[in-house]
Amino acid sequence: MRIGKLGSALIVIAVLAGSLYAFQEPISLQLAKRIIAQRMGGDPLKDLPDGLHIAVCGAGSPMPDDKRGGPCTLVIAGRQLFVFDTGNTSARNINKMGFNAGNIQGIFLTHFHSDHIDGLGELLLQRWVSNSNAQPVTVHGPEGVETVVNGFMQAYSLDRGYRVAHHGDDILPKSGFGATAKTFSVQDEKATLVFQNADTQILAFTVSHEPIHPAVGYKIIYKDRSIVISGDTTPSPHVTREAKGVDVLIHEAMSMDLMKILQDGAQEAKRGKLEQLMKDITNYHTSPVEAAEIAQQAQVPYLLLNHIAPPLPLPGLVDAFLKGTAAVFKGKIQVAKDGDLLSLPAGKKSIDVSHRF
Ligand SMILES: [Zn+2]
Ligand SMILES: [Zn+2]
């Protein structure tokens with residue numbers, strides 16, 4: 001039997017694929033060893049210029065979305081790590097992006113809806129064990145933060161005992177477990193300074209998320225760069241006021257048109273209570289077009305939409321989500337997904353966009 005040129009080529013490919021398959025395990029092991037050594041020994045911030053960086057550790061809402069976990073924004077200011085809201089994927093996504101949860105210096109909560117705090121326990125645990133921290137981290141928030149933090153401390157108190165007993169206080173100091181709550185008060189007239197050091201200022205301001213009270217947004221300033229995080233809110237003049245002159249506005253967004261599809265689906269399925277629930281949640285959020293109008297009024301060059309609702313499982317839905325925004329906002333607009341990184345180098349005007357996983 002004659003084997004033609006094509007036949008020989010196919011045999012060669014098959015043999016190569018076979019040998020690659022045979023070496024798959026040793027190659028993967030070598031690769032894993034190298035990656036683990038780099039991750040554990042390397043400086044996770046070495047590739048980032050001095051400046052302000054936004055790493056999206058959760059771009060979604062309580063509704064499940066493969067690309068978007070619960071609300072979480074990691075803000076890197078110089079070499080400091082601050083986390084804003086701790087949704088259910090916070091710790092895992094911070095790790096997946098290559099950052100070290102053990103280096104988190106402060107956590108800030110916008111309000112206490114469960115989707116903004118349900119990853120706090122896991123994040124506190126990772127922060128404690130990753131660097132054998134001997135001091136708890138501070139969780140900042142408006143009135144109510146103490147109830148949340150104390151609740152997690154209570155729920156994890158047995159786990160703390162197990163881990164200290166297993167590893168010993170030298171490896172895992174009991175004193176570093178968990179968090180200390182720090183309550184700040186806010187007023188409608190102006191933002192309140194809630195954290196400050198040589199190059200960094202963090203301010204909190206009230207937003208409109210009735211009947212949830214208090215609910216706040218944050219402004220973060222590092223050297224000459226700044227950002228605003230809206231938190232959960234209907235269109236709020238306080239967000240517009242604080243966003244004036246910042247480099248990036250991170251604003252929550254819910255497409256009322258796409259939510260209507262969910263409402264209609266619930267109606268068709270004769271699930272009246274679910275239909276009402278879907279209607280109710282549209283009245284304390286902001287549409288993408290409204291967020292775009294706020295960004296335009298504030299003259300912000302870059303709008304990052306997050307807390308994306310409903311989920312966008314198909315690429316075409318992102319276009320549907322953004323429908324109408326280009327007509328009202330002349331800057332750049334991006335629909336956030338987990339792993340997105342926006343870098344704002346100090347002393348420059350640039351905003352560099354990348355994706356970490
Ligand atoms: Zn909320
Ligand atoms: Zn929310």
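**Helix H7.** I began with helix H7, residues 157–167, and found it hardly covered, since none of its 11 residues counts as buried. Just past the end of H7, I noted that Gly 168 takes a positive phi of about 90°. I keep in mind throughout that this is a predicted model.

**Helix H6.** I then turned to helix H6, residues 145–155, which lies across strands E5 (137–141) and E6 and runs at about 170° to E6. Looking for its buried positions, I listed Val 145, Val 148, Val 149 and Phe 152. These four cover an arc of only 90° around the axis, and therefore they sit on the same side of H6. On the face turned away from that buried side I found the exposed residues Thr 147 and Gln 154. I also looked up what covers the buried residues of H6, and the list includes helix H4 (114–117), helix H5 (120–130), and the strands E5 and E6.

**Ser 114.** Since H4 had come up, I checked Ser 114, which has its place in that helix. Is Ser 114 buried or exposed? I counted 11 other C-beta atoms within 10 Å of it, and because a residue with 12 or fewer is classed as exposed, Ser 114 is exposed. Its C-alpha lies 8.1 Å from that of Gly 87, although Ser 114 and Gly 87 are 27 residues apart in sequence.

**Asn 93.** For comparison I took Asn 93, in helix H3, residues 90–96. Here the count is 26 other C-beta atoms within 10 Å, and because the threshold for a buried residue is 20 or more, Asn 93 is buried. Leaving aside residues up to four places away in sequence, I found that Asn 93 touches Cys 57, Gly 58, Gly 69, Cys 72, Asp 338 and Gly 339. I also recorded the pair Asn 93 and Ala 298, which are 205 residues apart in sequence and 31 Å apart in space, C-alpha to C-alpha.

**The sheet.** I next traced the open sheet of eight strands, whose order is E6-E5-E4-E3-E2-E1-E14-E15 and whose pairing is mixed. Strands E6 (179–183) and E15 (352–355) stand at the edges with a single partner strand each, so one side of each has no neighbour in the sheet. I noted an average twist of 20° from one strand to the next. Within the sheet I looked at strand E3 (residues 80–84) and strand E4 (residues 104–108), which pair in the parallel sense over four bridges, and I found that Phe 84 has Phe 108 of E4 as its bridge partner.

**The core.** Which residues have the most contacts inside the largest nonpolar core? I found Leu 74, Val 248, Leu 249 and Leu 303, in a core of 83 residues. Strand E12, residues 302–309, gives the most to this core, with six residues. Following Leu 303 further, and again not counting residues up to four places away in sequence, I listed its contacts as Leu 249, His 251, Ala 291, Ala 292, Ala 295, Phe 329, Gly 331 and Ile 333.

**The whole chain.** I closed with the overall figures, recording 13 helices and 15 strands in the protein chain, and a C-alpha trace that spans about 85 × 55 × 50 Å along its principal axes. Buried residues make up 40% of the 357 residues. Among contacts with a separation of 6 or more, 67% come from residues 24 or more positions apart.

Technical notes: Residues numbered from 1 in each chain as written. Chains lettered and ligands numbered in written order. Predicted model: local features only at pLDDT ≥ 70, side-chain atom pairs only at ≥ 80, totals over all residues. Helix = DSSP H or I, 4+ residues; strand = E, 2+ residues; numbered from the N terminus. Contact = placed C-beta atoms within 7 Å. Pairing = 2+ DSSP bridges. Axes fitted to C-alpha atoms, helices over the stretch in contact; angles between N-to-C directions. Core = buried A, V, L, I, M, F, W, Y, C linked by C-beta atoms within 7 Å. Arc of directions from axis to C-beta.
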